[in-house]
Each structure stands twice: as C-alpha cells, then as structure tokens.
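Here is a friendly walk through one protein model, going from single residues to helix packing. Please keep the viewer open as you read.

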Amino acid sequence: MTSITSVELNYLVFRYLQESGFTHSAFTLGYEAGINKCTIDGNLIPPGALITFVQKGLQYLEMEANLSNNDVEMDEDFSFLQPLDIITKDVNQLRQMIQEKRKNIQKDRDKDRDKDKDKEVDREHEGEHGRVREKERHEREKEREKEREKEHDKEREKEREKEKEKEREKAESNKEQEKQSEELADRDMVMDQEDKEAVKHEENRTSVVGPEPMDIATTSTLASQEPYEIPSSDVTILEGHTSEVCACAWNPTGSLLASGSGDSTARIWTIADGLCKSGAQNSPLNVLVLKHVKGRTNEKSKDVTTLDWNGEGTLLATGSYDGQARIWTTNGELRTTLSKHKGPIFSLKWNKKGDYLLTGSCDKTAIVWDVKAEEWKQQFEFHTGPTLDVDWRNNVSFATSSTDHMIYVCKIGEIRPIKTFAGHQGEVNCVKWDPTGSLLASCSDDITAKIWCMKQDKYVHDLREHSKVLLSFQFLCTCLGAFCIFREKKN
C-alpha cells in the first residue's frame with residue numbers, strides 16, 4: 001500500500017491553514033517546515049485536500065472493520081486497491097472490486113497450475129534429449145579448448161605488441177595534452193586581457209581620471225578624522241512605507257531615489273534641488289508606488305529585498321521574496337516580470353551595457369536574464385548554499401558569493417567558473433569589483449574583509465581590524481588610491 005510522506009503531510013496542513021484563514025500559523029509552519037523548498041506543485045492540490053483525506057481515512061477504517069477479521073486476508077484485500085479507488089469509491093463498490101479481483105486471481109492460479117504440470121512433462125522429455133546433447137557438447141568443447149590454447153598463445157604475442165603501441169600513444173597523447181593546456185592557458189590570458197581592455201574602454205568613456213590598477217590602502221587613513229554631525233535642518237525624512245525599508249538606490253542620471261520595503265512595495269521619490277535646505281522639508285514630495293501584490297500589502301512573500309537602476313537611469317529592477325524579478329519604468333509602469341528562481345531573490349545587478357540583468361537567489365543559483373528577449377539566458381548552479389550577492393566584472397563576467405563560504409567568478413557561455421576564491425571561514429555577505437575589474441573585495445561573517453586578484457588563487461590582502469560581522473562595503477576612489485568603506489552588523 002502507498003504511504004504519505006512527512007513533506008506531503010506538512011504541505012496539506014499548510015494549505016488547510018491558509019484556506020481556513022490562519023495566516024500566522026500557516027507562515028510559522030511554512031517557515032519551520034521549509035515549505036518553499038519542497039517540490040510539490042501547489043496548482044495540482046485541490047482545495048480542501050486535507051479534509052478529503054481525513055474523510056477517506058474514516059471510510060478506509062469502516063471498510064477495514066467490515067471486510068474481514070483475518071489480518072492476513074485484510075492486507076491482501078487492500079493490496080487489490082489503488083489510492084484513487086479508496087478516495088473516489090464507497091465501501092460497497094470497493095467490496096465488489098475486491099471480490100472480483102479475488103475470483104480473477106484464483107482463475108489465474110488454476111491456469112498457472114495446469115501450465116506447470118504441462119511444463120514438468122515437457123521437461124522430462126527434454127531431459128533425456130539434453131543428456132545426449134551434453135555428451136556431444138563435452139566432446140566438442142574438448143576439441144575447441146585445444147584450438148583455443150593455440151589461439152591464446154598467438155593473442156598473447158599480439159597483446160604484448162599492442163601494449164607497446166599503447167605506451168607509445170600515451171606518451172604522444174600526454175605531450176599533446178600538455179600543448180593543449182598551454183594553449184588554453186594562453187587563451188585564458190588573452191580573454192582576461194580582452195575583458196580588461198573592454199572595461200578600460202568603457203571607463204574611458206565615462207571618466208578621465210582612474211588609477212590602473214588601483215592601489216589599496218590597508219591602513220585606516222580616514223579613522224583619524226573627527227566625526228561630523230549633520231544638523232537636523234539638513235535632513236529630509238521620506239515617509240510612506242509601512243514596514244522596514246530593505247534597499248534604496250539613486251538614479252544615475254536624474255534626481256530620483258528608489259526604495260524597497262517589506263510592505264510589498266517599491267517607491268520612486270522625486271528629490272527636488274535644494275530639498276534639504278531650511279524651509280524645504282514641508283513641501284509635498286512626488287512619489288510613485290510600485291505595488292508587487294494586489295490587495296493587501298503586508299504579505300511576507302512579496303518583500304522587496306533588492307533593487308538597482310540600469311546605467312541609463314530609464315529602468316528600475318526589483319527583486320522580491322517570491323523569487324520574481326520585475327522591471328519598471330521611471331513612470332512606475334511594470335514592464336517585465338522574470339520568473340525562474342525557486343526561492344527569494346537576495347541581490348540583482350544590471351551590467352553596464354544594460355542588456356543583461358543578473359540575479360542571485362536563496363535557491364543556490366544565479367541567473368543572467370536577456371532583458372530585450374524577456375527570458376533567462378543562462379543559470380549558474382555552482383554554490384551549495386543560498387547566493388547572497390552578485391556583482392558584474394564587465395558586461396559578460398561577474399562574481400557570486402554564498403553562505404557556503406565560496407566566491408565564484410563566472411562568464412556567460414561557460415559551464416564552469418573561470419575562477420574560484422576560497423579563504424573565508426563564514427558566510428560571504430557581499431562582493432564588489434573595483435572600477436578596473438582587476439581586484440575583487442569581499443566581506444564575511446568571519447569578521448574579515450579580503451581583496452582578491454584574478455592572477456592569484458589566494459587573497460592579496462586580509463583586513464582584520466573589524467570586531468563585528470561585516471554586511472556590506474563600497475569602493476571609494478581618490479587621488480590617494482582606493483579605499484573600502486565597510487558596514488558592520490549592530491548588536
């Protein structure tokens with residue numbers, strides 16, 4: 001007989017709580033039982049499934065009590081039934097089915113007995129002929145063995161010659177493999193150089209000044225400066241969200257600020273010039289509300305966890321807890337919804353060209369989306385834990401970090417990482433490339449930040465001055481070199 005697994009039972013109870021209106025209980029069960037990780041398709045489960053199974057269970061017990069008092073016979077009776085028969089038919093119909101199947105089985109058994117008797121008679125006749133044949137076979141085998149011995153001697157000589165040829169071929173193949181590995185290494189160096197030249201070419205369009213490569217200041221040169229307190233008159237508070245604000249981003253071309261919140265909305269704020277000056281705080285703000293769910297706006301599965309503007313400032317991408325990425329215009333119009341992840345999206349980034357969008361999810365994968373085609377281009381499944389952050393190196397390659405302590409550098413079209421960085425002893429919360437694409441910075445729960453170089457497997461700098469978990473950071477480029485500004489976790 002079939003049985004129901006604990007995962008299936010948890011899902012039925014979860015659906016029952018949702019359908020009954022017990023949203024808090026459903027959320028708690030879904031979180032602790034990991035409902036979002038199960039492979040059950042909710043569209044195949046009809047409403048009231050749990051109640052239906054309970055009712056059919058009572059029917060099953062009634063049938064069990066009325067069929068027979070013999071446990072052995074009762075198990076045989078139920079072996080005749082399928083789970084769908086128990087659910088869709090009543091007790092009388094099931095009894096008739098069992099009786100008919102018993103009769104059919106008895107008939108089959110009688111037929112099998114008759115066949116067995118006929119087979120035994122045939123076997124006796126065949127046995128006599130077989131003995132005669134066996135004698136003839138033995139004589140033939142003796143003759144064949146003599147011939148085989150002669151052939152074996154010849155084959156051994158041939159095998160010795162083949163082994164010598166194989167050894168020669170292996171030596172030649174090893175030489176060819178060495179040449180191919182050298183050619184691949186040269187190709188990787190050329191591709192890496194081409195990527196760097198492409199990044200430099202793009203940076204020369206947007207900026208004139210920039211160190212190549214960047215120098216990293218490992219000493220705290222800014223720590224000696226005294227903290228500066230910003231007057232409250234120079235602070236503007238943007239109010240409107242009804243839950244925690246998870247992310248925000250400035251539009252690169254205009255005075256627009258995007259924010260994402262746990263209230264299932266993202267908002268685009270128009271920040272006028274001089275808004276922070278005295279007397280400007282009381283002026284009304286122009287804000288667009290981007291709703292990620294219809295109706296109530298407090299559903300946890302619709303939390304806006306991350307957002308990013310494209311380079312031209314014309315499109316805003318948002319990632320939410322439901323595993324979907326959405327693309328909006330500056331007018332607040334939903335342009336595209338991208339669905340493939342099986343878990344919450346923790347990070348997303350546009351490439352500089354604006355034709356690809358990169359997302360990292362709790363489902364342990366990163367996906368590159370073709371924005372024009374509105375479909376996924378390639379999914380990268382390298383991590384063994386949730387993907388926490390992603391960052392483009394250039395228009396075709398990027399880095400990903402995860403709770404598995406690993407960092408992978410990937411490239412579109414490649415099925416394996418082109419570089420692997422291992423060294424952190426905790427979850428890697430954030431990764432960031434320097435503007436030249438030659439250095440990668442990372443921060444982790446192990447209270448360290450590390451600087452990596454594509455030419456080396458081990459980190460080139462290990463920053464250990466922090467005393468708390470590092471959540472994020474940002475490169476700061478000055479005439480003195482490159483600095484990293486870090487954000488620690490509060491107590």
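In which strand is the place of Ser-402? Ser-402 belongs to strand β14, which covers residues 397–402. Helices (H or I, at least four residues) and strands (E, at least two) are DSSP runs, numbered from the N terminus. Before going further, note that this is a predicted model, in which local features need pLDDT of at least 70 and side-chain atom pairs count only at pLDDT 80 or more, while totals for chains, interfaces and linings use all residues. Residues are numbered from 1 along each chain as its sequence is written, and side-chain values use heavy atoms, with hydrogens and water left out.

**The whole protein**

The protein has six helices and 22 strands. Of its 491 residues, 35% are buried; buried means under 20% relative accessible area, exposed over 50%, and partly exposed in between (1.4 Å probe, protein chains only). Contact here means heavy atoms within 4.5 Å. Among the contacts with a separation of 6 or more, 45% are between residues 24 or more positions apart.

**Ser-402 and its surroundings**

Is Ser-402 buried or exposed? Ser-402 counts as buried because its relative accessibility is 0%. Its side chain reaches the backbone oxygen of Gly-385 at 3.1 Å. Such a polar contact is a pair of N or O atoms within 3.5 Å; within protein, one must be able to donate a hydrogen and the other to accept it, and residues adjacent in sequence count only if both atoms are side-chain atoms. Gly-385 also appears among the residues in contact with Ser-402 once neighbours within four places in sequence are left aside, together with His-383, Pro-386, Thr-387, Leu-388, Glu-427 and Val-428.

**A histidine in a loop**

His-341 sits in the loop between β8 (334–339) and β9 (345–350). This histidine counts as buried because its relative accessibility is 9%. Which side chains does the side chain of His-341 join through polar contacts of 2.8 Å and 3.0 Å? The partner at 2.8 Å is Thr-359, and the one at 3.0 Å is Asp-363. Not counting residues up to four places away in sequence, His-341 touches both of these as well as Gly-323, Ser-361, Thr-365, Ile-367 and Trp-369.

**Other loop residues**

The table gathers three further loop residues with their accessibility.

| Residue | Loop | Relative accessible area |
|---|---|---|
| His-405 | between β14 and β15 (406–411) | 30%, partly exposed |
| Ile-447 | between β18 (439–444) and β19 (449–453) | 29%, partly exposed |
| Lys-372 | between β11 (366–370) and β12 (375–380) | 76%, exposed |

His-405 has a positive phi of about 75° although it is not a glycine. Ile-447, another residue other than glycine, has a positive phi near 65°. For Lys-372, the item to look at is a distance: its C-alpha atom is separated by 9.7 Å from that of Gly-354, which is 18 residues apart from Lys-372 along the chain.

**Helices α1, α2 and α3**

Now for the helices. Helix α1 (residues 6–20) packs with helix α2 (residues 23–33) at an angle of about 160°, and their axes are 8 Å apart. The axes are lines fitted to C-alpha atoms, for helices over the stretch in contact, and angles run from 0 to 180 degrees between N-to-C directions. The angle makes α1 roughly antiparallel to α2, a label for angles over 145 degrees. On the α1 side, the contact is made by Asn-10, Val-13, Phe-14, Leu-17 and Gln-18, and on the α2 side by Ser-25, Ala-26, Leu-29, Gly-30 and Ala-33. By class, this contact has six nonpolar, four polar and no charged residues. In this scheme, Ala, Val, Leu, Ile, Met, Phe, Trp, Tyr, Cys and Pro count as nonpolar, Asp, Glu, Lys and Arg as charged, and the others, Gly among them, as polar.

Leu-50 lies in helix α3 (residues 49–67) and counts as buried because its relative accessibility is 18%. Leaving out residues up to four places away in sequence, Leu-50 touches Leu-12, Val-13 and Tyr-16. The C-alpha atoms of Leu-50 and Arg-15 are 8.1 Å apart, with their positions 35 residues apart along the chain.

Ile-45, in the loop between α2 and α3, is 30 residues apart from Arg-15 in sequence and 8.8 Å apart in space, C-alpha to C-alpha. With neighbours within four places in sequence left aside, Ile-45 is in contact with Arg-15, and also with Tyr-11, Leu-12 and Ile-40.

Technical notes. Parallel < 35°, antiparallel > 145°, perpendicular 65-115°, else oblique.
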